[in-house]
Amino acid sequence: MLRQNLYCEFIKNESIGMMRKKEPFVQSFITWFTTLCKRKSRSASNYGRVFAKWAVIAVITGVIGGTVGSLFHLSVNLVTHFREIQPWLVYLMPLAGLLIVWIYHVTSMEGKGTNDIIHSIHFGEKVPIMLTPVIFIATILTHIVGGSAGREGAALQIGGSIGWNVGRLLRQDEKDIRVATMCGMSAVFAALFGTPLTAAVFAMEVLTVGVFYYMAFIPCFIAALAAYGVSILFQLQPTRFAVLQSFDLSPVGVVQVIALSILCALVSIVFCVSMHKTEHLLQRKLSNPYFRILAGSFVLMLLTALFGTDYNGAGETMIETAMGGTAEPWAWVLKIVFTAITIGCGFRGGEIIPSFFIGATFGCFMGGLLSIPPSFGTALGIVSVFCGAVNCPIAAIILSVELFGARELSYFAIAAGVSYMLSGYYGIYQSQEIRYSKLKPEKIETYAK
């Protein structure tokens with residue numbers, strides 16, 4: 001009995017000793033696990049705070065940008081309709097031009113444009129809020145007298161100005177202000193075209209060829225969706241086109257689309273070179289901005305008298321006609337001439353809608369020669385020339401879906417890819433940085449020509 005008691009006591013003492021040895025290990029494990037949970041929770045809360053911050057900034061920017069963009073859209077539509085029923089307004093072009101130059105002079109906004117918005121995002125420079133009313137008024141004046149320009153250039157400038165100042169007002173640092181600027185660009189673009197995904201991707205892709213700012217995607221997309229929602233409240237219809245003839249995917253069809261895309265890439269180069277050369281030539285020959293815009297106005301009035309009013313304004317009616325399968329063989333050439341003189345002499349507006357016009361009319365005409373249904377050739381031309389002019393293949397592919405639907409997506413992807421590669425390093429925005437080569441996987445560090 002005594003021996004049994006001693007044995008039990010021994011086992012008990014051994015168990016207690018082993019438990020005491022395990023206590024430091026258990027305590028260390030609990031401490032490590034608690035620290036890990038705290039660290040992960042802090043990391044998760046940090047991601048949550050950043051998401052919430054950008055959601056707020058994007059919604060604010062989107063609502064403001066959507067409101068201003070919708071008012072701008074309505075204003076351009078109103079003055080365009082008024083000019084169409086009052087064609088004599090084109091003869092007020094010299095007066096409107098002088099007023100535009102004077103407005104830019106008295107507000108110290110001379111030389112400011114879309115290139116400056118892109119430049120400010122690259123280098124963190126200030127975007128003055130005064131740019132918003134100035135480009136708004138100048139673009140309206142350009143459209144009411146029939147200047148050949150779009151409205152998206154103004155959209156990017158208005159949106160960039162709004163975004164930059166929202167970021168500054170909310171006391172964001174320099175890098176975050178750049179993202180806020182992109183949010184503003186996305187917002188007003190979406191309000192004007194009704195293409196929120198294209199707007200978000202375009203604002204990120206147009207800055208630097210070969211670099212995609214993924215971090216900015218959610219803020220830009222939220223801002224674009226908010227602005228698009230505002231435009232719906234204003235009862236603005238999104239831009240959509242119906243392709244009248246389908247074009248089934250086939251080896252022969254692929255060859256035909258590649259051929260048309262190669263030609264569209266060349267057209268985009270002609271467009272970009274014409275825009276830049278005309279502007280530089282007019283600035284060199286007529287250094288006084290008042291004389292320059294007067295000379296350009298008289299040339300545009302003469303061209304309008306010779307070729308009619310189809311090439312005045314953005315030309316959306318001609319785009320719709322081309323989608324119906326009809327376009328004059330020389331229409332795209334005349335639109336390049338009208339637009340280059342309009343922007344080069346000092347009127348304000350955008351180049352993207354004119355690129356749609358050029359691509360639509362060229363694609364309709366040349367598509368027919370290549371045995372591509374004219375309506376589908378028009379759609380391919382719009383996407384190809386747009387892509388070649390702005391160097392944004394991903395945005396161009398998404399644009400094709402939002403404008404025409406996804407049925408022939410493979411063909412649109414081919415068109416965008418071919419045009420992007422073969423358009424070289426030309427572009428309508430000369431502040432666009434080209435970081436990577438289009439021909440080799442290497443850095444080149446240059447700017448669009």
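Two exercises with worked solutions follow, both resting on a predicted model.

**Exercise 1. Packing of two helices**

Determine how helix H14 (residues 374–390) and helix H15 (residues 393–404) are arranged relative to each other, and which residues make up their contact.

*Solution.* Two packed helices are described by the angle between their axes and the distance between the axes. Begin, then, with these two values: the axes of H14 and H15 come within 9 Å, and they cross at roughly 155 degrees. Next, compare the angle with the cut-off, since angles over 145 degrees count as roughly antiparallel; H14 and H15 are therefore roughly antiparallel to each other. The handedness completes the geometry, the crossing of H14 and H15 being right-handed. Finally, turn to the residues: H14 contributes Ala379, Ile382, Val383, Phe386 and Cys387, which meet Pro393, Ala395, Ala396, Leu399, Ser400 and Phe404 of H15. Sorted by class, this contact of H14 with H15 contains ten nonpolar residues and one polar residue, with no charged residues.

**Exercise 2. Pairing of three strands**

Work out how strand S2 (residues 433–436) pairs with strand S1 (residues 208–209) and with strand S3 (residues 443–447), giving a bridge partner for each pairing.

*Solution.* Take S1 and S2 to start with: these strands run parallel and are joined by two bridges, and Thr208 has Glu433 in S2 as its bridge partner. Then consider S2 and S3, which run antiparallel and are joined by three bridges; here Ile434 has Thr446 in S3 as its bridge partner. As a last step, follow the chain between S2 and S3, where a hairpin makes the connection through six residues.

Notes
Residues are numbered from 1 along each chain as its sequence is written. This is a predicted model: local features need pLDDT of at least 70, side-chain atom pairs count only at pLDDT 80 or more; totals for chains, interfaces and linings use all residues. Side-chain values use heavy atoms; hydrogens and water are left out. Axes are lines fitted to C-alpha atoms, for helices over the stretch in contact, and angles run from 0 to 180 degrees between N-to-C directions. Helices (H or I, at least four residues) and strands (E, at least two) are DSSP runs, numbered from the N terminus. Angles under 35 degrees count as roughly parallel, over 145 as roughly antiparallel, 65 to 115 as roughly perpendicular and the rest as oblique. A crossing is left-handed if the near helix is turned anticlockwise from the far one by less than a right angle, and right-handed if clockwise. Contact means heavy atoms within 4.5 Å. Ala, Val, Leu, Ile, Met, Phe, Trp, Tyr, Cys and Pro count as nonpolar, Asp, Glu, Lys and Arg as charged, and the others, Gly among them, as polar. Two strands pair if DSSP finds at least two bridges between them.
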